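Welcome! Here is a short guided tour for someone meeting this structure for the first time. Please keep the 3D view open as you read.

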Amino acid sequence: MAQITLSGVKKVYAGGVEAVKGVDLEIGDGEFVVFVGPSGCGKSTLLRMIAGLETISEGEIRIGDRVVNEVEPADRDIAMVFQNYALYPHMSVRQNLAYGLRNRRMARAEIDRRIADTAAILQITDFLERKPRALSGGQRQRVAMGRAIVRDPAAFLFDEPLSNLDAKLRLHMRAEIKQLHRRLSTTSVYVTHDQLEAMTLADRLVVLNGGRIEQVGKPLDLYRRP
Ligand code: ADP
Ligand code: ADP
């Protein structure tokens, strides 16, 4: 678990688009923060910078005591969940879950233990030997979350993870993510353009507009305002 600190963070893309124009934010240890705002406001860029997937033009991002810009990708202790699952189609669910751990040269027994625990949490134990194409959308999304959980990271980063699911499944998975956070208390940053999703999930909402923070607060405090 870790605190995430953004100080004076800016992003200018090659070509001159200023996607993020100076963001200061402290995300508490174990907090669930949601970035919400219209398309193009910079949510995804900000999340990708926290993930270390995008260079930071100016400012600094810290996860725990590490400065993101200075840490090698392999040492980054965060896990990202995407909307397109990004599962390996030729691997079984078990192999998909194990993949990131093998890279870290973790012992076989420890890998097996973590997969069993993660599968139990997400109720995917019965599908471990199946390939992703033999799963439903919701099951795939659970496996994608499983890949994040199994690593036991300091933080989860979610990039619109539910936007490819149908309305009913989206509601269901939203509740599961909330439950999961109650259970694991892992620091989480979640990006969505869906206000209802944002309100339901967030301990604290960060409303972005034009690359800047427009409002920060607890969901009810923000939306109660006249
Ligand atoms: P959001 O996630 O809120 O929709 P993004 O972070 O994706 O917003 O985009 C913020 C701004 O940066 C937009 O104007 C977008 O067009 C621009 N942008 C995003 N990615 C790139 C890129 N790789 N190169 C240039 N401009 C980009
Ligand atoms: P869309 O059809 O809207 O692009 P999909 O979720 O079908 O959305 O696909 C998005 C991307 O994710 C594609 O590049 C696809 O290859 C990948 N993808 C989706 N599901 C899986 C899966 N189960 N295993 C591997 N890759 C997947």
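Which residues are around ligand 2? They are Asn-84, Tyr-85, Leu-87, Pro-89, Pro-132, Arg-140 and Asn-164, where a residue counts as near a molecule if one of its heavy atoms lies within 4 Å of it.

A word on the model and its labels first. This is a predicted model, in which local features need pLDDT of at least 70 and side-chain atom pairs count only at pLDDT 80 or more, while totals for chains, interfaces and linings use all residues. Residues are numbered from 1 along each chain as its sequence is written, chains are lettered from A and ligands numbered from 1 in the order in which they are written, and side-chain values use heavy atoms, with hydrogens and water left out.

## The two ligands

Let us stay with ligand 2 for a moment. By class, its shell holds four nonpolar, two polar and one charged residues. Here Ala, Val, Leu, Ile, Met, Phe, Trp, Tyr, Cys and Pro count as nonpolar, Asp, Glu, Lys and Arg as charged, and the others, Gly among them, as polar. Taken alone, ligand 2 exposes 530 Å², and the protein buries 45% of that; such accessible areas come from the Shrake-Rupley method with a 1.4 Å probe, and for residues only the protein chains shown count as cover.

Ligand 1 has its own surroundings: Tyr-13, Val-17, Ala-19, Pro-38, Ser-39, Gly-40, Cys-41, Gly-42, Lys-43, Ser-44 and Thr-45. These divide into five nonpolar, five polar and one charged. Helix α1 (residues 43–51) supplies the largest share of this shell, three residues. Helices (H or I, at least four residues) and strands (E, at least two) are DSSP runs, numbered from the N terminus.

The table lists N or O atom pairs between ligand and protein. A polar contact is a pair of N or O atoms within 3.5 Å; within protein, one must be able to donate a hydrogen and the other to accept it, and residues adjacent in sequence count only if both atoms are side-chain atoms.

| Ligand atom | Protein partner | Distance |
|---|---|---|
| Ligand 1, oxygen | Gly-42, polar backbone atom | 3.1 Å |
| Ligand 1, oxygen | Ser-44, backbone N or O atom | 2.8 Å |
| Ligand 1, oxygen | Thr-45, side-chain N or O atom | 2.5 Å |
| Ligand 2, nitrogen | Leu-87, polar backbone atom | 3.1 Å |
| Ligand 2, oxygen | Asn-164, side-chain N or O atom | 3.4 Å |

On its own, ligand 1 has 560 Å² of accessible area, and the protein covers 59% of it.

## Inside the protein

Now look inward. A nonpolar core is a set of buried Ala, Val, Leu, Ile, Met, Phe, Trp, Tyr and Cys residues joined through side-chain atoms within 4.5 Å. Buried means under 20% relative accessible area, exposed over 50%, and partly exposed in between (1.4 Å probe, protein chains only).

The largest nonpolar core has 40 residues, of which Val-34, Ile-124, Met-145, Phe-158, Ile-177 and Tyr-190 touch the most other members. Its largest share, five residues, comes from helix α4 (residues 137–149). Apart from this core lies another, of 29 residues, including Ala-2, Ile-4, Val-189 and Val-206.

Leaving aside neighbours within four places in sequence, Met-145 is in contact (heavy atoms within 4.5 Å) with Val-81, Leu-122, Phe-158, Met-173, Ile-177 and Leu-180.

Gln-141 is found in helix α4. This residue counts as buried because its relative accessibility is 0%. With neighbours within four places in sequence again left aside, its contacts include Tyr-85, Pro-161 and Met-173.

## Arg-114 and two turns of phi

Arg-114 is found in helix α3 (residues 108–122). With a relative accessible area of 16%, Arg-114 is buried. Its side chain makes a polar contact of 2.9 Å with that of Glu-110, and also reaches the backbone oxygen of Val-150 at 3.0 Å. Beyond four places away in sequence, Arg-114 touches residues including Leu-101, Met-106 and Asp-152.

Asp-152 lies in the loop between α4 and β7 (155–159). It counts as exposed because its relative accessibility is 55%. Asp-152 has a positive phi of about 50° although it is not a glycine. Most residues other than glycine have a negative phi.

Ser-185, in the loop between α5 (167–184) and β8 (187–192), has a positive phi near 50°. Ser-185 is partly exposed, with a relative accessible area of 30%.
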